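Reader: I would like a close look at a single part of this chain, taken slowly and with the surroundings included. Please begin once the structure is in view.

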Amino acid sequence: LKAKKVGIFCDGLDWLYFASGAVHVAALNPAILKPSAKPGKVPEIGLINPKFKAATAKWEIERGINMAESKNLMRILGATPPNILSTETYAKVIETLCKRWKVKCKNIPKKALKKYELLNAVSEGSGHDSKLLVITIPVSGSKKSTVVVGKGLCYDSGGMQGKGSYMKTMKEDMAGSASVLGAILNIKKNKLKLKQTTHFLL
């Protein structure tokens, strides 16, 4: 079925949110990183319900699109080959995104990382140094802090004898950090309120 226009009747406001999100997640071309990738034709999609006020409906649709953007960010980062998304490149991507989202991001200097022996042990078999980035979203008056850790191992080459054919998927070992980035995007764009100051470690 190749329709040029599709209408989705949304019975509630949550339908607008989920439908707009689902449409944008589905629209991401999975072959986006392939040299031969071509933009596919996407039908015009209308979300229908006349009983909602335009401003209310618009906000629910925007929330859904923001949620989809966060999911697609995770998917793109997870699909990027490790020879492109090295630790240095990934750190630059994170810093650029944080600048765009207007959140504080601290890239811990290499000298300061020497005391983290386990972190450095992971990168000893690689030509790329370990990176540690701390993203902070402050909450005024917060007396406690929450820490969220996102594992960002760009390629897990350890334990080859046990992984076998699964070794080719080890580029996705950074999916934890990509999920944290997607969560931060969702928090900022959808103006979600945090209960206490939160530090995100990647």
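Which residue has its charged end over the ring of Tyr-17, and how far from the centre of that ring does it sit?

Author: In this model, which is predicted, the residue is Arg-63, whose charged end lies over the ring of Tyr-17 at 4.1 Å from the ring centre. Tyr-17 also takes part in the one aromatic pair that is counted here: its partner is Phe-18, and the two rings meet edge-to-face, with 4.9 Å from centre to centre and 70 degrees between their planes. The two partners differ in their exposure, since Tyr-17 has a relative accessibility of 14% and is therefore classed as buried, being under the 20% limit, whereas Phe-18, at 53%, is classed as exposed because its value is over 50%.

The wider setting is the packing of two helices, H1 with residues 13–27 and H2 with residues 54–79, whose axes approach within 7 Å and cross at roughly 35 degrees. This crossing of H1 and H2 is right-handed. Tyr-17 is among the residues that H1 brings to the contact, along with Leu-16, Ser-20 and His-24, while H2 contributes Arg-63 together with others that include Glu-60, Gly-64 and Met-67. By character, the residues of this contact between H1 and H2 comprise nine nonpolar, six polar and four charged.

As for the whole chain, it contains six helices and six strands, and 31% of its 202 residues count as buried. Of the contacts between residues at least 6 apart in sequence, 77% join residues at least 24 apart.

Methods: Residues numbered from 1 in each chain as written. Predicted model: local features only at pLDDT ≥ 70, side-chain atom pairs only at ≥ 80, totals over all residues. Heavy atoms only, no water. Phe/Tyr/Trp six-rings, centres within 6.5 Å; stacked < 30°, edge-to-face > 60°. Buried < 20%, exposed > 50% of the residue type's maximum accessible area, 1.4 Å probe, protein only. Lys NZ or Arg CZ within 6 Å of the ring centre and 35° of its normal. Axes fitted to C-alpha atoms, helices over the stretch in contact; angles between N-to-C directions. Helix = DSSP H or I, 4+ residues; strand = E, 2+ residues; numbered from the N terminus. Left-handed = near helix turned anticlockwise from the far one by under 90°. Contact = heavy atoms within 4.5 Å. Nonpolar A, V, L, I, M, F, W, Y, C, P; charged D, E, K, R; others polar.
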